[in-house]
Amino acid sequence: MSSTAKTGTDERGLFEEAVEVANIPTLLMVLVQLTGDLGWLEPRYRPSRGQGLDDNDSGGLPEELQKEVRDASLKAILDWRAGKPIAIPDPEPDLLVKMLSISMGEPVPEEYGEMTKAQLGLRPVEEEPVDVPEGFRALVIGAGASGMCMAVHLKAAGIPFEMIERNAEVGGVWLENRYPGAGVDTPNHLYSFSFVMWDWSKFFALRDELKAYMNHVADHFGLRDHIRFQTEVVSTEWQEDRQLWKVTTRDPSGRELVEYANVVVSAAGIFNPPVYPDIPGIDDFEGTSFHTSRWPEDLDLKGKRVAIIGNGASAMQICPEIQNTVESLTIYQRSLHWAAPFPHFRKPVPDALRFLIQEVPLYQAWYRCRLGWTFNDRVHTALQKDPDWPDKERSLNAINDGHRKYFTKYIRDQLGDRQDLFEKVVPPYPPFGKRMLMDNGWYRMLRNPKVELVTERIEKVEGSSLVTEDGERRDADVLIIGTGFDVLRFINTYEARGRDGKSLRQVWDDDDARAYMGTLVPGFPNYFILYGPNTQPGHGGSLLFVIEMQINYIMDLLRKMNRKGIGAAEVRKDVHDAYNADVEKAHENMVWTHPGMQTYYRNSKGRVTVNFPYRNVDLFGMTREAKLDEFVTEDRKAG
């Protein structure tokens, strides 16, 4: 983090403007590192704790102290730009914990020091070269975010690889989902790879900008030359005698080809294929009908009577976006969701702040670290069941009950004169029991005379009418299916057969998926799953952090296999089983096993198969090193 740039008059003005709109808690941390003056951590300057998911830009400090911080920051930044070295370029973990705690206005446990140290700053991809044998090849299935991240690391290590992508372009979900309002509910400065940031125009970017970012990653790292587009993986089968995976693919013409790979990385994602509701007559709807992930490019909703089935994450984004375009919007609610206030919804990042983020890596790093705490592990303790808590149906513990009161008041305020809807939209189960949605103006939208919320279930579809169980019939020109994806079956777009010829579908008993750290399955040597079972950070945070941690683990294993001449490695069954027993036990005490709701986190047996029950810092610790004694290994076979 050094700069040889010289400060000019124009640049000084840009920094003056930037510092005026910068986040005070972040500036304080930049000041400490640039100047080495720990006095900025004294109580006088300590920010108060932020409310909800807000950035807490003022830190709760009085105006005169804010000015003092901004003036000192401007001087320190300009001095650095002029060539003055950073006073504390590499803070020790204990100092980082103290800094993060002060920046957040609340205690951060000491074990976060190493993770914060690893996360701090824009880090290039640094992989120790792996001198693999001639002919060695890795195959990555999918060119979405996780597949490209894997490819970047394989390329950096010099491991030959190819990617198979069924679409004509990279991007995964950000290529396929183009519905109005599509975007992330994690801040973009956090929902980005640690090794390639982006000049985000919004705090929570929409789909087109996310797609552009994914394209940039592919171009910047030269990944397109390694991708076979419009090609599907049909099956993968382990060949015991050759220590290779036999992979059958299907090209755009429908021709099937057979090839071989030493390593297979499944980065196919879980948000596919789409799920359609089992409603009589729905396939014969007389108007235009489609799933949210199959949004027609030329669709015009102006003046149309629109019905949407579902009120989850996709509907939460779509409905407020189209409410004033359509003639009417009928929402068929399937279940109740909690939605948190979204202070940065559609809020652009000021140009001056974009300049600061791009030009001062320390500011970018600390801003990202603060977001990481706010949106990651901060809420984890609130998701644990208190055995002595009296009101177990509505909340889990005192903190969780406070969340309930906060969100409930927010809903009342947003509904305004439509308090008649209150009982229809407030969930009876504890907050965070299902995926916590971000309020894109949903409750305000329900006040729109064009919008009707229907809570009765749909009995059937007849012609262009949707008939509910109470006998009401409502006509529609357009029917949108917002009922999500088949996430519980994980590897469901191709067949994977391991050492004993069993398919993953058999091993997992259809929807009961399990893997060691969501990555490894006994009987499937040299086969790695990204975004596998129990890897979703259900308490919040960036999935890209999880992916990077998984890949760190995979790369460490591949290095060790190569050094020791190992041709096949699979996780030991006892290690796998003990890990999953611990995961299940941890979930027993968490909100996602609460009986008061249905959630896609749980499979048909009631087991939580999607979410990771631990903190992000725990995942960081688990994935730092692959231990060969946890594997069954075979020496590399000649030839």
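K460 stands opposite V467 in β15. That is where I want to start, in a predicted model. K460 belongs to strand β14, residues 458–462, and β14 and β15 run antiparallel, joined by four bridges. Between these two strands sits a hairpin turn of two residues. G463 is in that turn, with a positive phi of about 60°.

Stay on V467. On β16, V467 stands opposite R473. So much for single pairs; now the strands. β15 pairs with β16, residues 473–475, over three bridges, again antiparallel. This second hairpin has four residues between its strands. Here G471 takes the positive phi, near 90°.

Which way do the side chains of β15 point? S465 and V467 go one way, L466 and T468 the other. Buried or exposed? All four are buried.

Next, the sheets. As a reminder, strands of a sheet pair through backbone hydrogen bonds, either parallel or antiparallel.

Five strands make an open sheet with parallel pairing. Read across, the order is β8-β17-β9-β10-β13. At the edges are β8, 288–291, and β13, 451–454, each paired on one side only. From neighbour to neighbour, the strands are turned by 15° on average, direction ignored. Look inside this sheet at β9, residues 305–309, and β17, residues 478–481. They run parallel and share four bridges. One pair to find on screen: I309 has I481 of β17 as its bridge partner.

The other sheet is mixed. Four strands, open, in the order β6-β5-β4-β18. Its edge strands are β6, 256–261, and β18, 495–497, and each of these pairs on one side only. The twist averages 15° from one strand to the next. β5, residues 244–250, runs antiparallel to β6, with six bridges between them. Within that pairing, V247 has E259 as its partner in β6.

Now the interior. In soluble globular proteins, nonpolar side chains tend to be buried together. The largest nonpolar core here has 200 residues. Which members touch the most others? I159, L329, I331, Y363, L446 and Y527. Helix α16, residues 543–563, gives the most to this core, with 12 residues.

Take I331 as one example. Setting aside neighbours within four places in sequence, I331 contacts a list that includes I308, C319, W442, M445 and L446. V451, E452, L453 and V454 are also among its contacts. So are G310 and N311. There is another core, apart from the largest one, with 13 residues. Its members include I279, V454, L479 and I481. Note two names we have met: V454 is a contact of I331, and I481 is the bridge partner of I309.

Last item, a helix pair. Two packed helices are described by the angle between their axes and the distance between the axes. The pair is α6, residues 145–157, with α16. Their axes come within 10 Å and cross at roughly 35°. Left-handed or right-handed? The crossing is right-handed.

Who makes the contact? From α6, it is A145, S146, C149, M150, H153, L154 and A157. From α16, it is L544, I547, E548, I551, I554, M555 and L558. By class, that contact has 11 nonpolar residues, two polar and one charged. And α16 is the helix that gives the most to the largest core.

Note on methods
Residues numbered from 1 in each chain as written. Predicted model: local features only at pLDDT ≥ 70, side-chain atom pairs only at ≥ 80, totals over all residues. Heavy atoms only, no water. Pairing = 2+ DSSP bridges. Axes fitted to C-alpha atoms, helices over the stretch in contact; angles between N-to-C directions. Core = buried A, V, L, I, M, F, W, Y, C linked by side-chain atoms within 4.5 Å. Buried < 20%, exposed > 50% of the residue type's maximum accessible area, 1.4 Å probe, protein only. Contact = heavy atoms within 4.5 Å. Left-handed = near helix turned anticlockwise from the far one by under 90°. Nonpolar A, V, L, I, M, F, W, Y, C, P; charged D, E, K, R; others polar.
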